[in-house]
Amino acid sequence: MKTVKEKLYNYEQQPPDKIWVTVRNRISGAKTIEFKPRRKRIRIIALSSAAAAIIALVIISTVFKTNPIKNPLNPAQTTKILSPRQKEIMVKNYQALESIIKAPENKKLVTSREVSHSEDLKYITISGPEGEPVKISPKVATLIISADGENPPKPVWNQKINKWQHIMLTNNITPTSGNLIDIIQKASNTIE
Amino acid sequence: MNDQSNHTVSENDLITGCIEGNPKSQRELYDRFASKMYGVCLRYAGNTNDANDLLQEGFVKVFNNLEKFRGEGSFEGWVRRIFINTCIEQFRKKAKSYNIGEAHENIVEDPGLDALDTLAVKDLLKIINQLSPGYKTIFNLYVVEGYSHKEIAEMLNISEGTSKSQLARAKGVLKNILETKFKNINK
């Protein structure tokens, strides 16, 4: 006679068929589920990146809007190839240049005064388009600014050129090397 | 010996097929163990619905963990262990309502249950299912599966003494059920 242990241990009973269907679905479902979170994760990463990019753009645009670059020609900002000492000189020169341009009084006087603060008495050094140092005469400063569309127009050179144009167009004398002195003389009289 | 080795080889193929996701292998593995494991589930569960759930849960675990079977011991033993663990897990979830605890630690005299041997399996199952889930689990683990009280204590997070007393009480309840049953038959 079999013992209780043997009887119960070896007891078998056929389960309902529906259980296999559920098990099969769950096994195959488990494989599908493995990919879902990955897709979801990729979508989350993509959305997060897009959101981060938008936020970064908003922040950058806000920063530039509230703190625009006041002086794009500022050598301290644009020049990378210069030593700190050279940069310092250029900053001073730039300040001198700016004060020359903006001064309502006689440019020549202002130039000589401002440049005297500079390291170089004859020239001021400004930052070129590529950030390279460029030495210019203080007299040329107003011309540079006239070429800069963003700055307010500086009438000094424009007035001079306009007057020269007017003199040359209205004068009956044919400009030759012999009477050019006369034109200059006349221009000087007109300015005065 | 030869038959056994052939059987082992085909079992290995079956396992490999299931790991590769072959539906035929999966069905064959299910068919091979479904009846035996349903028997296990019926012993631990209180009703067929719970047994169905345990069988389903157990097979899902078997298929999902096949790669972990290293061939140490029999495959059937490994599968059976998964099902028993699943049943214990279920028991643990409901353990609070089953009121199994250290309060019952006093040892009860072990009543003889030779009468149980005379019963048919289905009658045995009916009687065992009359036990409370706590008694039934310990009775199954000790008497049927052959675990020691120490192992049962570790499995159920109880003391060894509690396991012993619970088993003795389970046997006492079974004895009462059997006495009532035989009295009714004699009448």
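Which residues does B:F83 touch, not counting those up to four places away in sequence? Let us start there and work outwards through this predicted model. Setting aside those sequence neighbours, B:F83 touches B:M37, B:V40, B:C41 and B:G58.

**The core around B:F83**

Two of those partners turn up again in the largest nonpolar core, which has 27 residues; B:M37, B:C41 and B:F83 touch the most other members. The elements of chain B that give two or more residues to this core are α2, α3 (48-64) and α4. Helix α2(B) brings the largest share, 10 residues. Apart from this core lies another one of 18 residues, and its members include A:V4, B:L131, B:V143 and B:L156. As a general background, nonpolar side chains in soluble globular proteins tend to be buried together.

**Two helices that feed the core**

Helices α3(B) and α4(B) can be set side by side, with the distance between their end C-alpha atoms next to the expected span.

| Helix | Number of residues | End-to-end C-alpha distance | Expected at 1.5 Å a residue |
|---|---|---|---|
| α3(B) | 17 residues | 24 Å | 24 Å |
| α4(B) | 19 residues | 27 Å | 27 Å |

For α3(B), the end C-alpha atoms are 24 Å apart, which agrees with what its 17 residues should span at 1.5 Å a residue. Helix α4(B) covers residues 75-93, and its reach is close to the expected value.

Which residues of α4(B) are buried? They are B:F75, B:V79, B:I82, B:F83, B:I84, B:T86, B:C87, B:Q90 and B:F91. A look at the geometry of helices helps in reading such a list: an α-helix has 3.6 residues a turn, so residues three or four places apart point the same way. On α3(B), the buried residues are B:A51, B:L54, B:L55, B:Q56, B:E57, B:G58, B:F59, B:V60 and B:V62. B:G58 is also one of the residues that B:F83 touches.

**B:Q26, on helix α2(B)**

Is B:Q26 buried or exposed? It counts as buried because it has 24 C-beta neighbours inside 10 Å, where 20 or more are needed. B:Q26 sits in helix α2 of chain B, which spans residues 23-44. Beyond its neighbours within four places in sequence, B:Q26 is in contact with A:R24, A:I27, B:C18 and B:F63, so this list of contacts includes residues of both chains. The C-alpha atoms of B:Q26 and B:L14 are 7.7 Å apart, with their positions 12 residues apart along the chain.

**Where the chains meet**

The contact between the chains takes 21 residues from chain A and 22 residues from chain B. On the side of chain A, the elements that give two or more residues are α1 (4-9) and α2 (18-66). The largest share there, 8 residues, comes from α2(A). By class, this side of chain A has 12 nonpolar, 4 polar and 5 charged residues.

Chain A as a whole has 8 helices and 2 strands, which run α-α-α-α-α-β-β-α-α-α from the N terminus on. Of its 192 residues, 13% count as buried.

**A helix pair further along chain B**

Helix α8(B), residues 133-144, and helix α9(B), residues 149-156, have axes that come within 10 Å and cross at roughly 140°. The crossing is right-handed. Contact is made by B:I138, B:L141 and B:Y142 of α8(B) and by B:H149, B:I152 and B:M155 of α9(B). These residues divide into 5 nonpolar, 1 polar and no charged.

How values were computed:
Residues numbered from 1 in each chain as written. Chains lettered and ligands numbered in written order. Predicted model: local features only at pLDDT ≥ 70, side-chain atom pairs only at ≥ 80, totals over all residues. Helix = DSSP H or I, 4+ residues; strand = E, 2+ residues; numbered from the N terminus. Buried ≥ 20, exposed ≤ 12 C-beta atoms within 10 Å, placed from the backbone. Contact = placed C-beta atoms within 7 Å. Nonpolar A, V, L, I, M, F, W, Y, C, P; charged D, E, K, R; others polar. Axes fitted to C-alpha atoms, helices over the stretch in contact; angles between N-to-C directions. Left-handed = near helix turned anticlockwise from the far one by under 90°. Expected span 1.5 Å × (residues − 1). Core = buried A, V, L, I, M, F, W, Y, C linked by C-beta atoms within 7 Å.
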